[in-house]
Amino acid sequence: MEFISHFLRATSRRTALLGPILQRNRSEIFQKQSLINRQASSRYRSSCSTMDTTVHSAGINETHLVPMSVIQRPIPSVLDEQKVQSLMETIKNEASEEEVPPIDLLWITGSEGGDYYFSFGGCHRFEAYKRLQRPTIKAKLVKSTLGDLYHYMGSSAPKYLA
C-alpha cells in the first residue's frame, strides 16, 4: 500500500504545482475558442443573405424559369400547410417574390436524347407555385447523371432514361 500511496502523493504534488499553469492555459484556450466562435458566427450571418444555395447548387449562379409541367417529383411531399400559405403570400407580391430562393433540379439527358428534370427538394416552394397556377418556377439546374438519379431513387428510378 505504501508503494501506491507514494505515486498518489507524487501525482497530487505535480497537480498542485501545475494547477495555476493549467488554469492559465485553459483561460487562453477559452478566449481563443470564443474568438473563433464569434468569427464563425459573423461569417454565418453574412452568408444568410445568400441562402438561395444548397450543397448541390452552391457553385451554380445561373437561375432559369423552368416550366412546371416538365418537372418530375417522384417522391411524395410532406407539407406544412402554414409554410405553403406563407410562401403563396410572398410569391403573390411582386416585390417580395424575389425573396423566394430557386429550387434545385437534377437535369438529366436521357441515353436516347431528351432532357429530364427531377426535383427532390423545394417541396413547399413547388407546391406554392403549383397552387398559384404559375406556369414557371425559378430553378437552378444541377447537371446530373443516371447514377445520381439512382442514388436518390434506387431501383425505383425510371427505366425510360437508360
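Here a biologist and a modeller talk through a predicted model of one protein chain.

Biologist: Happy to look at this with you! In what order do the elements of the chain run from the N terminus on?

Modeller: Good place to start. The chain has five helices and five strands. From the N terminus on, their order is α-β-β-α-α-β-β-α-β-α.

Biologist: Among contacts between residues at least 6 apart in sequence, what percentage join residues at least 24 apart?

Modeller: As background, the chain has 162 residues, and 27% of them count as buried. Of the contacts you ask about, the share that joins residues at least 24 apart is 77%.

Biologist: Let's go inside, then. Which element gives the largest share of the largest nonpolar core?

Modeller: That core has 17 residues, and I71, I103, L105 and I137 touch the most other members. Two or more residues come from each of α2 (81-92), β3 (103-109), α4 (123-131) and β5 (136-143). The largest share, four residues, is from α2.

Biologist: Which residues does I137 contact, leaving aside neighbours within four places in sequence?

Modeller: I137 is one of the core members that touch the most others. Its contacts, with those neighbours set aside, are H64, L65, V66, M68, I71, I103, R125, F126 and Y129.

Biologist: Back to α2, if you don't mind. Why are its buried residues on the same side, and what arc do they cover?

Modeller: My pleasure! The buried residues in α2 are V84, L87, M88, T90 and I91. They lie on the same side of α2 because the arc they cover around the axis is only 165°.

Biologist: How far does α2 reach from its first C-alpha to its last?

Modeller: With twelve residues at 1.5 Å a residue, the expected reach of α2 is 16 Å. The model comes close to that, at 17 Å.

Biologist: And at the start of α2, which residue's side-chain oxygen reaches the backbone nitrogen of Q82?

Modeller: The distance there is within 3.0 Å, and the side-chain oxygen belongs to D80.

Biologist: One more, on V100: is this residue buried or exposed?

Modeller: V100 sits in the loop between α3 and β3. Setting aside residues up to four places away in sequence, V100 touches L87, T90, I91, R125, Y129 and K138. The cut-off for buried is under 20% relative accessible area. V100 has 3% relative accessibility, so this residue counts as buried.

Biologist: Lovely. How far apart in space are V100 and T90, C-alpha to C-alpha?

Modeller: In sequence, V100 and T90 are ten residues apart. V100 touches T90, and their C-alpha to C-alpha distance is 7.6 Å.

Note on methods: Residues numbered from 1 in each chain as written. Predicted model: local features only at pLDDT ≥ 70, side-chain atom pairs only at ≥ 80, totals over all residues. Heavy atoms only, no water. Core = buried A, V, L, I, M, F, W, Y, C linked by side-chain atoms within 4.5 Å. Buried < 20%, exposed > 50% of the residue type's maximum accessible area, 1.4 Å probe, protein only. Contact = heavy atoms within 4.5 Å. Expected span 1.5 Å × (residues − 1). Arc of directions from axis to C-beta. Polar contact = N/O pair within 3.5 Å; in protein donor to acceptor, adjacent residues only side chain to side chain.
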